[in-house]
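Work through the exercises below with the model in view. Try each task before you read its solution.

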Amino acid sequence: MRLLLVEDDVMVASGMKLGLCDAGYSVDWVGSGERAEQALDKDSFDLAIVDIGLPGIDGLELTRRLRARALTMPVLILTARDALQDRVQGLDLGADDYMVKPFELPELLARLRALLRRSQAATSAVLGFGPLEMDTAQRRVSLAGQPMELGPREWSVLEYLLLQAPKPAAKDKLLHALTGWDKEITPNAIEVYVSRLRGKLEPAGVALRAIRGFGYRLEMLARTDDGQAD
Ligand code: CA
């Protein structure tokens, strides 16, 4: 899940980004409404967290513009303690929920889960391929009915592969799914996560085939008569 965090306070933003990344989200952080609009021109996000008090275009105006673009992702606004009017106006402009600063990370995470659950329910929260099942709302993945442990970057790579399956996923798109994590990530890093995923998936007959010059595709391994994967 890729989040856009719009917050001009560096201390608050870096703390939030750390906590959100630890919780398994990929986070793009920008410090102004203008930068947020540029990010939205280029990329798509699963949810936006928008501080109301921003330099330039404030969070209320940003929320309004976002809805005017017919973007349907959930928006959670951050407001000051006694800014009742901001909260009311923010919700009226299309925000889905709000948090009053200062807040505790566990509460923010719970609200994000609830918002994402609701928005994912509109489409399908569960991605599948053969014995592989990923519940993006509950953030659970299982292989042949057995729960699988995935690191956050492995999760992002597998989620994108599942979204594309049975078509191949382009390597640069996979890279893009990870850029919220580390700006300095290199194309070779994808191979590291792909190789880790292979180690986990192949025993259950799911292959991650490299498509030369393009990327990777999920495939079922053909089984021989003795039940061993080729
Ligand atoms: Ca602020």
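**Exercise 1: two helices**

Task: Describe how α6 passes α7.

Solution. α6 crosses α7 in a right-handed way (the near helix is turned clockwise from the far one by less than a right angle). This is a predicted model, where local features need pLDDT of at least 70, side-chain atom pairs count only at pLDDT 80 or more, and totals for chains, interfaces and linings use all residues. Residues are numbered from 1 along each chain as its sequence is written, and side-chain values use heavy atoms, without hydrogens and water.

Next, take the angle. Helices α6 (residues 152-164) and α7 (residues 171-178) pack at about 135 degrees, with axes 9 Å apart. Axes are lines fitted to C-alpha atoms, for helices over the stretch in contact, and angles run from 0 to 180 degrees between N-to-C directions. Helices (H or I, at least four residues) and strands (E, at least two) are DSSP runs, numbered from the N terminus.

Now list the contacts (heavy atoms within 4.5 Å). Arg153, Ser156, Val157, Tyr160 and Leu161 of α6 meet Lys173, Leu174, Ala177 and Leu178 of α7.

**Exercise 2: the sheet**

Task: Find which strands stand at the edges.

Solution. Start with the order: β2-β1-β3-β4-β5, an open sheet of five strands with parallel pairing. Strands pair if DSSP finds at least two bridges between them. β2 (26-30) and β5 (97-100) are the edges; each has a single partner strand, so one side of each lacks a neighbour in the sheet. From one strand to the next, the twist averages 20 degrees.

Then zoom in. Four bridges join β1 (residues 2-6) to β3 (residues 47-51). Leucine 3 stands opposite leucine 47 in β3.
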